[in-house]
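Below is a short briefing on selected features of one protein model. The sequence and structure come first, and the notes follow by topic.

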Amino acid sequence: MAEKKKWLQSGALLTISAASLLGFLLLWELICRSGVVDAVFLPAPTQVLGRAIRMWDQHALISNIAASTRRVMVGFFAAVVVSIPLGIMLGTSRVARAVLDPILSFLRPLPSMSWIPLTLLWFGITETQKYSIVFMGSVTPALLYVIDATQGIDPLLIRAARNLGANRWQVMREVILPGCMPQILSGMKVILGLSWTCVISAELVAANEGLGFMIMNGKEFFQTDTVVLGMVLISFTVLITDMVFRLIQRSVLSWQQ
């Protein structure tokens, strides 16, 4: 009975959310159609949909989405591969933290946009340049998430494991990793969103495909519907990747269910 009531409540909330979205789109459409706002500045949702259909027929839509998604995934996973083992090491070793803390303090304030001139000199307008922007914009905050998660482990648990005869590797495998993994995965979900910000920044400056390029190209030709479509696609793509990440998180942390 309780489960049925919970399901009905969830359905009611979903209906309210859908009605809210439809109401927003209808109001947007009416304002644009009434002439209050010029289509050059803000196109109606139907105009944006029409642009999406035309770009789909030209196979431009999928290619731009695929390009941005590929760049995000490569740069993001490279940052994850570096940040998780390095962050755990820094979180458990005072000496390592003392060595690398000054470097992290220097890199942390730098936004991804600041790396664009250098990476263009190093790699040119290539895919490697886009990957490097995503990596440089994601690895430092990811590293800080991992360090904080590792340092958040209750030292009493580590001391208890050692008193029971666990060696360093066993403490790492049985205490530290299970204890910090939920927070690490939550942090990586935030970093994934940050990676999208990085790749769009890179594509706005130097790219010949991708959602950022699509937005900039629309701006150059005064195609506001293309600009809005690019913004909508970024939101939807981030939402889908976030859903996939949640499924992975549930699978990895199945023991928490």
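**Salt bridges, a kinked helix and a surface patch**

Asp242 is buried, with a relative accessible area of 18%, which is under the 20% cut-off for that class. The model in which this value was computed is predicted. The structure holds 9 salt bridges, and Asp242 takes part in one of them, with Arg246.

**The pair in helix α10**

- The side chains of Asp242 and Arg246 meet in a salt bridge at 3.3 Å, N to O.
- Both residues belong to helix α10 (residues 224-252); because they are 4 residues apart there, about one helical turn separates them.
- Arg246 is partly exposed, at 44% relative accessible area, whereas its partner Asp242 is buried.

**Salt bridges between helices α3 and α6**

- Glu127 forms a salt bridge with Arg70, and the closest N and O atoms are 2.7 Å apart.
- Arg70 lies in helix α3 and Glu127 in helix α6, so this pair ties together parts that are 57 residues apart in sequence.
- Glu127 also meets the side chain of Arg71 in a salt bridge, at 2.7 Å from N to O.
- Since Arg71 lies in helix α3 and Glu127 in helix α6, this second pair ties together parts 56 residues apart in sequence.
- Arg71 is buried, with 1% relative accessible area.
- Arg70 counts as partly exposed at 34% relative accessibility, and Glu127 counts as partly exposed at 25%.
- A network of salt bridges links Arg70, Arg71 and Glu127 with Glu203 and Glu209.

**Helix α4**

- Helix α4 covers residues 94-107, 14 residues in total.
- From first to last C-alpha, α4 reaches 20 Å, close to the 20 Å expected at 1.5 Å a residue.
- α4 has a kink of about 45 degrees at Leu100, and the proline Pro102 follows shortly after.
- Which residues of α4 are buried? They are Ala96, Arg97 and Leu104.
- The cover over these buried residues includes α3 (60-92) and α6 (127-151). Helices α3 and α6 also hold the two partners of the Arg70 and Glu127 salt bridge.

**Nonpolar surface patch**

- Leu21, Leu22, Phe24 and Leu25 make a nonpolar surface patch of about 400 Å².
- One of these residues, Leu21, is found in helix α1 (residues 2-33).

Key. Residues are numbered from 1 along each chain as its sequence is written. This is a predicted model: local features need pLDDT of at least 70, side-chain atom pairs count only at pLDDT 80 or more; totals for chains, interfaces and linings use all residues. Side-chain values use heavy atoms; hydrogens and water are left out. Helices (H or I, at least four residues) and strands (E, at least two) are DSSP runs, numbered from the N terminus. The expected span of a helix is 1.5 Å times one less than its number of residues. The bend at a residue is the angle between axes fitted to the seven residues ending there and the seven starting there. Buried means under 20% relative accessible area, exposed over 50%, partly exposed in between (1.4 Å probe, protein chains only). Contact means heavy atoms within 4.5 Å. Patches are made of residues with over 30% relative accessible area and no salt bridge: like charges are joined within 9 Å, nonpolar side chains (Val, Leu, Ile, Met, Phe, Trp, Tyr) within 5 Å. Accessible areas come from the Shrake-Rupley method with a 1.4 Å probe; for residues, only the protein chains shown count as cover. A salt bridge is a side-chain nitrogen of Lys or Arg within 4 Å of a carboxyl oxygen of Asp or Glu.
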